[in-house]
Structures are given as structure tokens and as C-alpha cells.
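Biologist: Can you walk me through this one? I'd like to start with the surface.

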Amino acid sequence: MTGTVVAFDERRGVGTIEAGGDRHFFHCTQIADGTRAIHVSQAVEFTVVPGRVGDWEAVTIEKIAGGSTPS
């Protein structure tokens, strides 16, 4: 799937990606390049899996070249 990071709390290491009207939680350990940080508005590709609390979570998050999506 592709989407856009709409929230990221660097201190807590958690964020949200929006894709097709749905929002998916993610943890910084799922950022594929190992940086554990990502900017809001960054375009990403990711996979969705069942999460621990019953919602779907984003994993294997890869930044799309070109940086952020248009505002």
C-alpha cells in the first residue's frame, strides 16, 4: 500500500499513516531504513497486518523517493 505519514511522535516512537481514507498505527521499529524517525507528510509504502490491540498496523514502512507528498 502507499500512503502519507500524518502524525509521528518521535519521543514515543509512534505514528499514523493515512491511506485511502484509512489510518494505520505504526511503531518506529517498522521503518525499513532503520532510522527510527520519519517526517509528517512523508510519502511511504507499507504493509498492513493485524495489530496487538485488534486494529490493523503498518509494518515494513519504506520512504518513497521524492520526500513528502504535496500539501
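Biologist: How much area does the protein chain expose, and what share do carbon and sulfur atoms supply?
Modeller: About 4500 Å² is exposed, 48% of it from carbon and sulfur atoms; accessible areas come from the Shrake-Rupley method with a 1.4 Å probe, and for residues only the protein chains shown count as cover. This is a predicted model, where local features need pLDDT of at least 70, side-chain atom pairs count only at pLDDT 80 or more, and totals for chains, interfaces and linings use all residues. Residues are numbered from 1 along each chain as its sequence is written, and side-chain values use heavy atoms, with hydrogens and water left out.

Biologist: What percentage of the residues count as buried?
Modeller: 31% of the 71 residues, where buried means under 20% relative accessible area, exposed over 50%, and partly exposed in between (1.4 Å probe, protein chains only).

Biologist: Secondary structure: how many helices and strands?
Modeller: Zero helices and five strands, both being DSSP runs numbered from the N terminus (helices H or I, at least four residues; strands E, at least two).

Biologist: Any odd backbone angles? Where is R36, and what is its phi?
Modeller: R36 is in the loop between β3 (22-27) and β4 (42-50). Its phi is near 65 degrees, positive although R36 is not a glycine.

Biologist: And T60, which strand is that in?
Modeller: T60 belongs to β5, residues 56-68, and has a positive phi near 50 degrees, again in a residue other than glycine. T60 is partly exposed, at 43% relative accessible area.
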